[in-house]
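I opened a new structure today and kept notes as I went. The entries below follow the order in which I looked things up.

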Amino acid sequence: MTAHQEGQAPGGLLGQAEELAAAARSRVPVPRLSARFPYLTLEDAYRIQRINVERRVSTGAGITGHKIGLTSRAMQEQMGIREPDSGFIFDGMVGSSGSCLRAAEFMNPRIETEIAFRLGGYLSAPSDLDTVRGAVAEVFLAFEILDTCFTDWNLSLVDSVADNAACAGVIAGDPVPFDPAWDLGTEQVTATANGEVAGTGEGRDILGDPLKALAWLTHRLPSLGTTLRAGDIILAGSVHASIPLTAGTDFHATSTRLPSIHLRVA
């Protein structure tokens with residue numbers, strides 16, 4: 001049996017999904033899927049992700065929104081991946097600015113600064129830029145906490161997607177109403193760690209316009225088996241390369257017009 005056939009065999013994707021779910025529960029990482037099953041496709045990876053999403057929902061988790069990753073050149077170069085991916089955000093993963101996290105609760109955590117949206121309308125089909133612009137109710141800064149169920153960050157796109165795009169938590173800043181005329185590409189973002197600049201970027205680093213990331217996500221909806229609902233949080237992607245999330249660090253981020261955010265790591 002070839003690696004591709006093994007990945008496609010009855011129970012194959014289910015077994016790979018269970019392995020990742022068990023790693024998340026135990027915080028014991030596993031070898032990359034791409035190294036063991038080199039013929040797994042991107043659609044296989046989204047199916048693995050969806051199996052674990054459905055598993056979590058069946059045990060009581062609620063879906064709060066979605067993260068879009070690998071939308072900036074900085075992140076694509078850091079990860080060696082040339083196209084975006086996406087994952088789900090669950091209700092127990094979201095905290096507010098000023099929160100404190102414990103680094104020991106994660107396996108190999110990193111942090112990113114993102115421009116994020118809260119939807120005011122539904123997006124149930126592939127949509128153009130004007131349509132997604134009209135669906136956004138609020139915009140805010142957010143920290144995304146990344147973690148991986150794999151033994152290192154040398155991930156392929158398949159690994160990242162299967163592992164829920166490495167989304168482990170969200171720290172949401174105070175939202176402000178979104179004006180459709182607002183050019184988010186001009187938003188200047190600076191992140192600091194213990195007072196030292198750790199990352200900078202601007203809105204246009206996210207596919208030229210953060211709203212383009214949201215439009216991209218709507219075109220993935222058939223693979224994700226879901227729709228985007230009013231009230232959903234959408235992270236558009238980091239404006240800078242990810243930073244190790246280490247104990248004893250205070251992270252702050254500011255931007256031109258959005259309220260600042262703060263996270264303390266115990």
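**Entry 1: E144.** I checked whether E144 is buried or exposed. E144 has a relative accessible area of 0%, so I put it down as buried. I note here that the model is a predicted one. I then located E144 in strand β6, which covers residues 136-146.

Next I asked which side chain E144 makes a polar contact with. I found the side chain of K67, at 2.7 Å. I also listed what E144 touches, leaving out residues up to four places away in sequence. K67 is on that list, along with R110, I111, E112 and E114. A165, C167, G169 and L235 complete the list for E144.

**Entry 2: S99.** I moved on to strand β4, residues 99-101, where S99 sits. The relative accessible area of S99 is 19%. Buried means under 20%, so S99 counts as buried.

I followed the side chain of S99 and found that it reaches the backbone oxygen of S96 at 2.5 Å. Beyond four places in sequence, S99 touches I171, H262, L263 and R264.

**Entry 3: cysteines.** I wanted to know how many disulfides there are. A disulfide is a covalent bond between the sulfur atoms of two cysteines. The cut-off I applied is a pair of cysteine sulfur atoms within 2.5 Å. The count came to zero.

I looked at why C100 has no such bond. The closest cysteine sulfur to that of C100 is in C167, and it is 19 Å away, so the gap is too far for a bond. C149 is in no disulfide either; its nearest cysteine sulfur, again that of C167, lies 12 Å away.

I compared the surroundings of C100 and C149 too. C100 is partly exposed, at 38% relative accessible area. C149 is buried, at 6% relative accessibility.

**Entry 4: R82.** My last stop was a loop. R82 lies in the one between α5 (73-79) and β2 (85-90). Is R82 buried or exposed? I read a relative accessible area of 60% for R82, so it is exposed.

I then looked for contacts of R82, setting aside its neighbours within four places in sequence. Q76 and E77 are in contact with it. I also checked R82 against L70, which is 12 residues away along the chain. The C-alpha atoms of R82 and L70 are separated by 7.6 Å.

Key. Residues are numbered from 1 along each chain as its sequence is written. This is a predicted model: local features need pLDDT of at least 70, side-chain atom pairs count only at pLDDT 80 or more; totals for chains, interfaces and linings use all residues. Side-chain values use heavy atoms; hydrogens and water are left out. Helices (H or I, at least four residues) and strands (E, at least two) are DSSP runs, numbered from the N terminus. Buried means under 20% relative accessible area, exposed over 50%, partly exposed in between (1.4 Å probe, protein chains only). Contact means heavy atoms within 4.5 Å. A polar contact is a pair of N or O atoms within 3.5 Å; within protein, one must be able to donate a hydrogen and the other to accept it, and residues adjacent in sequence count only if both atoms are side-chain atoms.
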